[in-house]
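Here is a short walk through a structure for someone meeting it afresh. Keep the 3D view open as you read.

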Protein chains: 2
Amino acid sequence: MSASATAPYELMYWPGIPGRAEHIRLLLEAAQVAYTDHSVAAAGASLVLSHISGKNTGTALNPPPFAPPILKHGDLLIHQTSNILLYLGPKHGLAPAFPSPPAVADTGPAVEDDGLFHVNQLALMALDGLGNEAHDTHHPVATGLYYEDQKPEAKRAAEHYRNVRLPKFLGFFERVLAGERSGGGEWLYGGRMTYADLVLFQCLDGLKFAFPKTLRKLEEGGEYAKVFGLYGRVKEVKSVKAYLDSDRRKGYSNGIYRHYPELEEDLD
Amino acid sequence: MSASATAPYELMYWPGIPGRAEHIRLLLEAAQVAYTDHSVAAAGASLVLSHISGKNTGTALNPPPFAPPILKHGDLLIHQTSNILLYLGPKHGLAPAFPSPPAVADTGPAVEDDGLFHVNQLALMALDGLGNEAHDTHHPVATGLYYEDQKPEAKRAAEHYRNVRLPKFLGFFERVLAGERSGGGEWLYGGRMTYADLVLFQCLDGLKFAFPKTLRKLEEGGEYAKVFGLYGRVKEVKSVKAYLDSDRRKGYSNGIYRHYPELEEDLD
């Protein structure tokens, strides 16, 4: 199947929360690409439900999606956050190009560039460590149960996350920024902003909402100065700033990042 | 950076368990591609530790990896399971090609094929739902704590996973196989085996080890006949079978998939 380069982008997600779709929105907004955000439409939720329905087996061109975010681009329909970012990034200057196909005889050897795999791995790291694991602190037993039914477990999980996992992940990104391949330490990869920077920004922003005291302490400690420097840098990118100041940017509530004061009350 | 097409593949992982590296091994074995598996060497663990050390900031060509599996191919070093699969799949006939770069004036319009994004999303779904979530049943509070320190939580988590999440994921893959895009229902995508099938096989194989009674019941119920049919089909692929019968295939123990009988004792 193929997606026409001129087809509009259509983003489908649950209404009312930034959620995982926020990573897609930030990429499109940073690149100043037009898109339709169906999550703000009255039928936004039912559109998602029709796609993830147990009766939907997809089409001749597309397998069914399991969960939102879902991106439609012409005939193409894809899901999974990191997968959508991978699709969009190289098209809009926020990631290296896809590797060239093998050289054919009359065009000479292709120059192979594998930078996209590094950007993809950095985005996957942030989504896993600073997104999914942060989410699991308030739902350690099961996503399908209420927070109220797993509060003692959440407290233990949050404590371990804040004290062990979070510093480990921040330390990793600090190392990436200290490394030569970052191209100077302002951005994660190759000396310019990629969608991996946008993902890291969004995860940090969500963490600041969920664990404000913890993040303040970590920032003030100075050990992750490059990471928090990147956060501030992304926030000031003109197109990103315009988006964050617009009413298209949704507030946090009961999504991936949730603020339960009791999960960091030892810092009072 | 670029990786020579003739450079050897080097896989780095923890010794003694199949773990997440097993998805990479299965791809390479199915495609009958030579590789060096450093996890079987005496220095396998220390090699991993040197790469993920808090002191490693990577090189001029590569950011540091956070965790294994790690793949080295010539000058290129990448990590994250789904990322390594994405790198290898199109090179070895186990996924559609990367999308063509935009057409240049004198070569006419490029034919764009986006099938790789579907294969990537199906692999991500299996890794998330049937790998990570299965792992979290025995470590719901924290990966860094012992199972013995989270047994009551693990019991609740496993019950929810077995009764709610697992059927939901199996139902999803059954729908994918029932859908037109599978190309006949023998394989997940496009009528031929891709690495997404290998990932689904490996996850089901691990689940059969971890929750033998649960999986037997689900298989005998007949509701996921296409999924279990695919499992049997992958197992009989000549190159896969040769690998599974070899001493290169490691036994399960204390990795992602663990067999704690108490986590399904209600099925006794």
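Start with the two copies. This model is predicted. A turn of 180° and a shift of 0.0 Å along the axis lay chain B on chain A, with an RMSD of 0.0 Å. The two copies are therefore related as by a two-fold rotation axis. Which residue of chain B comes closest to the rotation axis? Pro140(B) does, with its C-alpha at 2.7 Å. Both copies use the same surface: 100% of the contact residues of chain B recur in chain A.

Now look inside chain A. Helix α4 spans residues 115-138 and helix α5 spans residues 151-178. They pack at an angle of about 165°, and their axes are 9 Å apart. Angles over 145 degrees count as roughly antiparallel, so α4(A) is roughly antiparallel to α5(A). The crossing of α4(A) past α5(A) is left-handed. On the α4(A) side, the residues that meet α5(A) include Leu122(A), Met125(A), Gly129(A) and Leu130(A). On the α5(A) side, Ala154(A), Tyr161(A), Phe169(A) and Val176(A) are among them. The residues of this contact between α4(A) and α5(A) comprise 11 nonpolar, three polar and three charged.

Turn to chain B for another pair. Here helix α5 (residues 151-178) packs with helix α8 (residues 225-235). The angle is about 80°, with the axes 8 Å apart. That makes α5(B) roughly perpendicular to α8(B). From α5(B) come Leu170(B), Phe173(B), Glu174(B), Leu177(B) and Ala178(B). From α8(B) come Lys226(B), Val227(B) and Leu230(B). By type, the contact of α5(B) with α8(B) has six nonpolar residues, no polar ones and two charged.

How values were computed:
Residues numbered from 1 in each chain as written. Chains lettered and ligands numbered in written order. Predicted model: local features only at pLDDT ≥ 70, side-chain atom pairs only at ≥ 80, totals over all residues. Axes fitted to C-alpha atoms, helices over the stretch in contact; angles between N-to-C directions. Helix = DSSP H or I, 4+ residues; strand = E, 2+ residues; numbered from the N terminus. Parallel < 35°, antiparallel > 145°, perpendicular 65-115°, else oblique. Left-handed = near helix turned anticlockwise from the far one by under 90°. Contact = placed C-beta atoms within 7 Å. Nonpolar A, V, L, I, M, F, W, Y, C, P; charged D, E, K, R; others polar. Least-squares fit on C-alpha atoms with pLDDT ≥ 70 in both.
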